[in-house]
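Opened a new file today and went through it piece by piece. Jotting down what I looked up, in the order I looked it up.

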Amino acid sequence: MKRTKIRIAAAGDIHCTPERRAEIEASFAGLAGEADLVLLAGDLTTWGEPEEAEVLADACRGLQLPVVAVLGNHDWHANRSSEIIRVLEEAGVEVLERGWTICELDGTKVGIVGTKGFIGGFPDSALPDFGEPLLRQVYAETSAEVSALEEGLQAIADYPLRVVLLHYAPTATTLAGEPMGIFAFLGSDRLARPVAEHVPDLVLHGHGHAGTFEGFIGKVPVYNVSIPVMGRDFWVFELEEAGTPGP
């Protein structure tokens with residue numbers, strides 16, 4: 001029978017370390033029977049070391065659930081992202097880098113567009129495409145992320161359920177509580193344009209540890225699933241083909 005409701009367990013900013021292995025393994029083991037799909041919104045490691053990714057890989061290896069993840073800024077810190085991805089993929093985790101994937105769950109297809117996102121700011125604090133080459137390079141990096149979102153959302157346009165998975169925030173509505181002075185480093189509203197145009201069912205991100213759980217882009221619900229914001233290891237969302245998500 002075709003399922004009409006999908007349970008998505010989401011979390012960001014897990015910040016794995018070997019010292020937290022038992023805690024993390026117990027957290028993931030607790031998802032059994034509680035979710036159909038796991039989405040991880042970046043900062044999977046603390047210092048971007050493959051040994052930290054091994055902790056997450058071991059926690060995911062025994063799950064009988066699809067796990068899809070994007071990387072965060074912490075995962076890039078040691079410039080060993082390719083090793084982190086290899087460790088996770090060997091454990092069955094699908095890591096999206098400016099990409100998209102389809103998960104079929106009992107007859108319901110969920111399209112997921114995933115990428116890290118990047119910085120740039122929001123109205124009144126936005127980085128322009130002008131000035132020193134290094135600053136323009138930052139702007140261009142965000143442009144590439146926006147293009148990837150656009151292409152991914154076009155690719156999954158015909159699927160019944162569509163989710164965007166990011167690390168950086170695409171809207172300031174989920175950053176309330178953060179110091180205004182660092183908003184430019186927490187995300188960019190340029191990431192919101194393809195979301196507003198294609199209207200997916202759900203957008204998830206992390207990164208803003210002191211932000212706000214629930215926000216929006218137009219009528220699209222956006223959730224900051226950073227663990228410090230949620231106050232729990234995972235939040236389970238329910239998506240229905242003809243409805244709206246509910247936490």
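**Salt bridges**

I began with charge pairs and got 13 salt bridges in the structure. Note to self: this is a predicted model.

I pulled up Arg98 and Glu141, whose side chains form a salt bridge at 2.8 Å, N to O. Arg98 sits in the loop between strand S4 (93-95) and S5, while Glu141 belongs to helix H5, so this pair ties together parts that are 43 residues apart in sequence. I checked exposure for both partners. Arg98 comes out partly exposed because its relative accessibility is 37%, and Glu141 is partly exposed too, at 32%.

Next on H5 I looked at Glu150. Its salt bridge goes to Arg193, with 3.6 Å between the closest N and O atoms. Glu150 is in helix H5 and Arg193 in helix H6 (residues 192-198), so here too the linked parts are 43 residues apart in sequence. Is Glu150 buried or exposed? At 12% relative accessibility, Glu150 counts as buried. Arg193, with a relative accessible area of 45%, is partly exposed.

Arg193 has another entry in my list: its side chain also meets that of Glu197 in a salt bridge, 3.5 Å from N to O. Those two are four residues apart in helix H6, which means about one helical turn separates them. I also noted a network: Arg21, Glu25, Asp58 and Arg61 are joined by salt bridges that share partners.

**Helix H1**

I then asked which residues of helix H1 (residues 21-29) are buried. They are Ile24, Ser27 and Phe28. Looking down the axis of H1, I see the buried residues fall within an arc of 95°, so they line one face of the helix. Ala22, Ala26 and Ala29 are exposed on the other side of H1. For the cover over the buried residues of H1, I wrote down strand S2 (37-41) and helix H2 (50-61), which are included in it.

**The sheet**

I traced a six-stranded open sheet with mixed pairing, in the order S5-S6-S7-S8-S10-S9. Strand S5 (99-105) and S9 are its edge strands, each pairing on one side only. On average, neighbouring strands of this sheet are turned by 25° against each other, direction ignored.

I zoomed in on the S9 edge. S9 and strand S10 (residues 220-224) run antiparallel and are joined by four bridges. Across from Glu214 I found Tyr223 in S10.

What lies across S5, strand S6 (108-114) and strand S7 (161-165)? I found helix H5 (residues 133-155) there, running at about 170° to S6. That is the helix that holds Glu141 and Glu150.

**His207**

Last entry. His207 is in the loop between strand S8 (202-205) and strand S9 (214-217). I read a relative accessibility of 12% for His207, so I logged this residue as buried. Which side chain joins that of His207 in a polar contact of 3.1 Å? The partner is His167.

I listed the contacts of His207 as well, leaving out residues up to four places away in sequence. Asp13, Asp43, Asn73, His167, Tyr168, Phe185, Leu186 and Ser226 are the residues that His207 touches on that count. So His167 shows up for me both in the polar contact and in the contact list.

Notes:
Residues are numbered from 1 along each chain as its sequence is written. This is a predicted model: local features need pLDDT of at least 70, side-chain atom pairs count only at pLDDT 80 or more; totals for chains, interfaces and linings use all residues. Side-chain values use heavy atoms; hydrogens and water are left out. Buried means under 20% relative accessible area, exposed over 50%, partly exposed in between (1.4 Å probe, protein chains only). A polar contact is a pair of N or O atoms within 3.5 Å; within protein, one must be able to donate a hydrogen and the other to accept it, and residues adjacent in sequence count only if both atoms are side-chain atoms. Contact means heavy atoms within 4.5 Å. Two strands pair if DSSP finds at least two bridges between them. Axes are lines fitted to C-alpha atoms, for helices over the stretch in contact, and angles run from 0 to 180 degrees between N-to-C directions. The arc is that of the directions from the helix axis to the C-beta atoms. A salt bridge is a side-chain nitrogen of Lys or Arg within 4 Å of a carboxyl oxygen of Asp or Glu.
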